[in-house]
Amino acid sequence: MASGSGLFSASSPSCRSYSSMGLFGPRFRSYGRVLCRATDLDGAHRGVSSGESRVPRLVYQGCKLVGCGSAIPKLQISNDDLAKMVETSDDWIATRTGIRNRRILSGRSLIEGDESLTGLAVEAARKALDMAQVEPDDVDLVLLCTSSPEDLFGGATQVQKALGCRKSPLAYDITAACSGFVLGLVSAACHVRGGGFRNVLVIGADALSRFVDWTDRGVCILFGDAAGAVLVQALNPREDIFKARYCLFIDELILELGNMEFLGLVLLSCNILSERVEGSVSHRVWSSACDSEEDGVFGFDLHSDGEGLRHLNASMRCDETNGPLGTNGSAMGFPPKRAVYSPIQMNGKEVFRFAARTVPLSVETALEKAGISSSSIDWLLLHQANQRIIDAVATRLELPPERVISNIAKYGNTSAASIPLALDEAVRGGKVLPGHIIAASGFGAGLTWGSAIIRWR
């Protein structure tokens, strides 16, 4: 089993540790152990040749969520519709899952059909960019979290192309099923904090209806298709440039003085206020050893356990419709038969037990890493897999129903899209407001699960 957890503090090419031993109270107990060295934005740092880029490769920056968007297919399938296909009923499905409707992609062509997963992802991304007032050309990175791309080699680059990002920003897929969006969110924050990226699009999009056996009533009632997106942006780009130069200056000062322990403790216990003037605009920059109180992504907790694959999978198999010989009459076994994916197989009871056991612990761990109590969060936002799972986790965390975001009744389980889809509806519906703190958690195939504590705008 693999796991990862942590808090987001300053990250840079080199960091020196200082043992603060809790001297600075709760605020510095988490952040007061690292003093960072940032790369000079002017390339003035020793060792940089004239032929190298003057843009820093690794600079500490805070980050925040500044825009969101979502998109759903036109076709709505109700529980009553499914009751005409398999032995079930609206009451049976709603009682066990909380689901009453779901949206299904109906495009006949994956490339030029009426609807496509790429089209949904692009629509959600555009809405997020519009809310953030950011142009496609200003996007530095596109992360497409999906387990059902419309090309074997992924779909992120096609989203980038359709958005019209003319500067060819990096784009790649993240495959972690229903945990994918949380992993994408953490990845985006790491790219911003450690890689100098400014605007990162995180898109969760899945069309698992294409991998469902519509005669299996235990699975076909669960899944729907959708896309959701958020834009993760560097905090105050102008101020971050100043912070990078400031941290470089402090680091060089420490090297010159040689008394790292004393100076480090002084810096970690004080806020340094600086002012600079650009034209007629005065910029006031607060720096606390490269820490920012406005950050939008706090602690996180990530895990995977391959032992659970048997409970939830869609394994690859050979297409048995092919004959034993290849089309050119080759010997048995070659050419290999064409590979196809089996329909989604799930042991519902085991997945329920897994989620009810691991998700509350993951959320609690992420909260602890962030230094936040469950009573301080404004919203609990879980992967929309089953209303009973959502209720069980909220009860464990002692959160009342009015502080839990849920839209599973309308859309079912949309895999990696479920968290950003629910977030977008809550933001545009006026429930989630700027400054609200959200505990988000995803869980699903792999098995994978993870949580992140975030602040909206």
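This is a dialogue between a student and a tutor about reading features of a predicted model.

Student: Before any detail, how many helices and strands does the protein chain have?

Tutor: The model is a predicted one, and the secondary structure of its protein chain comes to 13 helices and 21 strands. Of the 457 residues, 52% count as buried, and among contacts in the chain with a separation of 6 or more, 75% are made by residues 24 or more positions apart.

Student: How many salt bridges does the structure hold, and what is the general idea behind such pairs?

Tutor: Side chains of opposite charge can pair when their charged atoms come close. In this structure there are nine salt bridges. One of them joins D295 to R193, with the closest N and O atoms 3.0 Å apart; this pair links distant parts of the chain, since D295 sits in the loop between β12 (281-287) and β13 (297-304) while R193 belongs to helix α6 (residues 180-195), 102 residues apart.

Student: Are D295 and R193 buried or exposed?

Tutor: Both D295 and R193 are buried. A second pair can be set beside them: the side chains of E425 and K410 meet in a salt bridge at 3.2 Å, N to O, and this pair too links distant parts of the chain, with E425 in helix α13 (residues 418-428) and K410 in helix α12 (residues 408-411), 15 residues apart. E425 counts as partly exposed because its relative accessibility is 26%, and K410 likewise counts as partly exposed because its value is 41%.

Student: Which residue forms a salt bridge with D424, and how should I read a pair placed within one helix?

Tutor: The general idea is that an α-helix has 3.6 residues a turn, so residues three or four places apart point the same way. Here D424 forms a salt bridge with R428, the closest N and O atoms being 2.6 Å apart. Because D424 and R428 are four residues apart in helix α13, they are separated by about one helical turn. With a relative accessibility of 3%, D424 counts as buried, whereas R428, at 46%, counts as partly exposed.

Student: How many residues of α13 are buried?

Tutor: Nine of the eleven residues in α13 are buried, so the helix is mostly covered. The buried residues include the run from its beginning, S418, I419, P420, L421, A422, L423 and D424, and also A426 and V427.

Student: At what angle do helices α4 and α5 pack, and how is that angle described?

Tutor: Helix α4 (residues 117-132) packs against helix α5 (residues 156-163) at an angle of about 55°, and their axes are 9 Å apart. That angle makes α4 oblique to α5, and the crossing of the two helices is right-handed. From α4 the residues T118, A121, V122, A125 and R126 meet Q158, V159, A162 and L163 of α5, and the residues of this contact divide into six nonpolar, two polar and one charged.

Student: Where should I look for unusual backbone geometry?

Tutor: Most residues other than glycine have a negative phi, and most peptide bonds are trans. Against that background, Q133 has a positive phi near 55°; the residue lies in the loop between α4 and β7 (141-145) and is exposed, with a relative accessible area of 74%. E398 also has a positive phi, near 60°, and is placed in the loop between α11 (387-396) and β19 (404-405), where E398 is exposed, with a relative accessible area of 70%. A glycine case is G430, which takes a positive phi of about 85° just after α13.

Student: Which peptide bond is cis?

Tutor: The peptide bond from G446 to L447 is cis, with omega near -5°, and L447 is found in the loop between β20 (437-444) and β21 (448-455).

Student: With which residues is G204 in contact?

Tutor: G204 is placed in strand β9 (residues 199-207) and is buried, with a relative accessible area of 0%. Leaving aside neighbours within four places in sequence, G204 is in contact with C145, F181, A226, A227, G228, A416, A417 and P420, and P420 is also one of the buried residues of α13. The C-alpha atoms of G204 and A177, which are 27 residues apart along the chain, are separated by 9.6 Å.

Terms used: Residues numbered from 1 in each chain as written. Predicted model: local features only at pLDDT ≥ 70, side-chain atom pairs only at ≥ 80, totals over all residues. Heavy atoms only, no water. Salt bridge = Lys/Arg side-chain N within 4 Å of Asp/Glu carboxyl O. Buried < 20%, exposed > 50% of the residue type's maximum accessible area, 1.4 Å probe, protein only. Axes fitted to C-alpha atoms, helices over the stretch in contact; angles between N-to-C directions. Parallel < 35°, antiparallel > 145°, perpendicular 65-115°, else oblique. Left-handed = near helix turned anticlockwise from the far one by under 90°. Contact = heavy atoms within 4.5 Å. Nonpolar A, V, L, I, M, F, W, Y, C, P; charged D, E, K, R; others polar.
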